[in-house]
Amino acid sequence: MGLAAVIFDVDGTLVDSERDGHRVAFNHAFAAFGLEDRWDEPAYGRLLAVAGGRMRLRHYFLASGMPESHADDLAVALHKVKTRLFRDLIEDGAVPTRPGVRRLIDELDDAGVHIAVATTGSRAWVLPLLEQHFGTARFAAIVTGDDVQNLKPDPEAFHLAVAALGVPPADVVVLEDSENGVAAAVAAGLVCVAVTNDYTRGDHVDRAALVTDGFGDPGIAQVRNGDASLLVDGAIRVHTLRALVA
Ligand code: XBP
Ligand code: MG
C-alpha cells in the first residue's frame with residue numbers, strides 16, 4: 001500500500017529535550033531531596049544508555065554503591081518529583097521541537113498519513129508536551145513508558161503502536177534518534193530513520209535505513225548512512241519516507 005503511518009520517538013526526535021530539559025529536572029530533583037548529586041552534560045550523555053528516567057536513577061544509585069532496596073525506593077520517589085519539575089519546564093516553554101519536525105508532521109497530515117508516538121518517557125509529561133506543540137488529537141496512537149512492561153531497546157512500544165494504528169508493519173516508518181530507539185524499531189520489524197543529535201551522534205544507529213543529523217531545516221541534513229538522493233532540498237520530507245517503504 002505504501003506509506004500508511006509514521007511513528008515518532010519523542011525525546012531527541014520530536015523535541016530537543018535531554019540536555020536542557022530532563023537533565024535539568026533531574027538535577028533540580030536531586031536538590032529538592034537535599035542531595036549533592038548533579039549530572040553534568042557528559043555524565044548525563046553516558047547515563048542515557050539506560051532507557052527510562054526511573055531506571056536511569058536506579059542504575060546511578062546502584063553504581064554509587066547504594067543498597068538495592070534503598071536505590072529502588074529513592075529512584076521511585078525522586079523520579080516522581082523529577083517528572084513534576086519536567087512538566088513545569090514544559091509549561092515554561094523550555095522544551096522546544098526540533099527544527100523541521102513540525103513541517104514534516106504538517107506534510108504528513110496533508111498527505112493523509114497517520115502519525116503516532118512511541119516513547120520511553122512518562123505519560124504524565126508526554127501528553128502536555130504533545131498538546132503544547134502539536135495537539136494530542138493529531139496522533140492516532142500515543143504509547144509511553146507507562147504502557148509497556150519492557151522499555152526500548154525492547155520492541156514492545158512499537159508493537160503496541162502498530163497494533164493501535166491497525167496498518168501493516170511494512171507500511172510504517174519510524175523516526176528515532178538513539179541506539180536504543182533504532183534497535184527497538186528494527187526489532188519490531190519496522191523501517192527506521194535515525195535523526196541523530198548532539199547526544200546520539202556517536203550511537204550505533206547504522207541499522208536504520210537512513211541516518212541524518214537533522215530534519216534539514218534550516219540548512220541541509222547531512223546523511224551519514226543511506227541514500228542522500230531521498231532527501232528533498234536537503235530535508236526529510238514525505239517523499240523521503242514514502243521512498244523507504246515503496
Ligand atoms: C528517552 C528516555 C526517557 C527520557 C526521560 O525516551 O529514555 O526515559 O530520557 O523521561 P524516548 P522519563 O524513547 O522518547 O527517546 O524520566 O519520563 O523516563
Ligand atoms: Mg529518543
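What follows is a short question-and-answer walk through a predicted model, starting at its ligand and moving out to single residues.

Me: Let's start with the ligand. Which residues come nearest to ligand 1?

Reply: Begin with the shell, meaning the residues with a heavy atom within 4 Å of the molecule. Here that shell has 18 residues, and Gly53, His79, Thr119, Ser122 and Trp125 come nearest to ligand 1.

Me: And how does the shell around ligand 1 split by class into nonpolar, polar and charged residues?

Reply: The shell around ligand 1 holds 8 polar, 6 charged and 4 nonpolar residues. Glycine is counted as polar in this scheme.

Me: Which helices each supply at least two residues of that shell?

Reply: Look for α1, spanning 18-32, then α3 at 53-63 and α4 at 68-91; each of them gives at least two residues to the shell around ligand 1.

Me: What lies 2.7 Å from an oxygen atom of ligand 1?

Reply: For a polar contact, you look for a pair of N or O atoms within 3.5 Å. In this model, a polar atom in the side chain of Glu18 sits 2.7 Å from a ligand 1 oxygen. His79 also uses its side chain, with an N or O atom 2.7 Å from an oxygen atom of ligand 1. Gly52 takes part through its backbone instead: one of its backbone N or O atoms is 3.1 Å from an oxygen atom of ligand 1.

Me: How much of ligand 1 does the protein bury?

Reply: Take the area that ligand 1 exposes when alone, which is 450 Å², and the protein buries 95% of it. As for the site, ligand 1 sits in the largest pocket.

Me: On to the backbone. Where are the cis peptide bonds that lead into Pro153 and Pro218?

Reply: Omega is the angle to read. Going from Lys152 to Pro153, the peptide bond is cis, with omega near 15°. You'll find Pro153 in the loop that runs between β3 (139-143) and α7 (156-165). Asp217 and Pro218 are also joined by a cis peptide bond, with omega about -5°. Pro218 belongs to the loop between β6 (210-212) and β7 (223-225).

Me: What is the phi of Asp233, and where is Asp233 found?

Reply: Asp233 has phi near 50°, which is positive although the residue is not glycine. Its place is the loop between β7 and α9 (238-245). Asp233 counts as exposed because its relative accessible area is 69%, above the cut-off of 50%.

Me: Is Leu244 buried or exposed?

Reply: Buried means under 20% relative accessible area. Leu244 has 19%, so it counts as buried. This residue is part of helix α9. Along the chain Leu244 and Ala170 are 74 residues apart, and in space their C-alpha atoms are separated by 10.0 Å.

Me: What does Asp9 contact with its side chain?

Reply: Find Asp9 in the loop between β1 (5-8) and α1. Its relative accessibility is 4%, so Asp9 counts as buried. Its side chain makes a polar contact with the side chain of Lys152, at 3.0 Å. You've met Lys152 already, at the start of the cis bond to Pro153.

Me: Which residues are partly exposed? Take Asn225 and Asn150.

Reply: Partly exposed is the range between the buried and exposed cut-offs. Asn225 falls there because its relative accessible area is 24%, and Asn150 does so at 39%. Asn225 is in strand β7, while Asn150 is in the loop between β3 and α7. For distances, the C-alpha atoms of Asn225 and Asp20 are separated by 28 Å, with their positions 205 residues apart along the chain. Asn150 and Thr212 are 62 residues apart in the chain, and their C-alpha atoms are separated by 27 Å.

Terms used. Residues numbered from 1 in each chain as written. Chains lettered and ligands numbered in written order. Predicted model: local features only at pLDDT ≥ 70, side-chain atom pairs only at ≥ 80, totals over all residues. Heavy atoms only, no water. Polar contact = N/O pair within 3.5 Å; in protein donor to acceptor, adjacent residues only side chain to side chain. Areas by Shrake-Rupley, 256 points an atom, 1.4 Å probe, with all protein chains shown as cover. 1 Å grid on protein atoms, 1.4 Å probe; cavity = no way out; pocket = protein on both sides within 12 Å on 5 of 7 lines; lining within 4 Å. Sits in = over half its atoms within 2 Å of the grid points. Helix = DSSP H or I, 4+ residues; strand = E, 2+ residues; numbered from the N terminus. Buried < 20%, exposed > 50% of the residue type's maximum accessible area, 1.4 Å probe, protein only.
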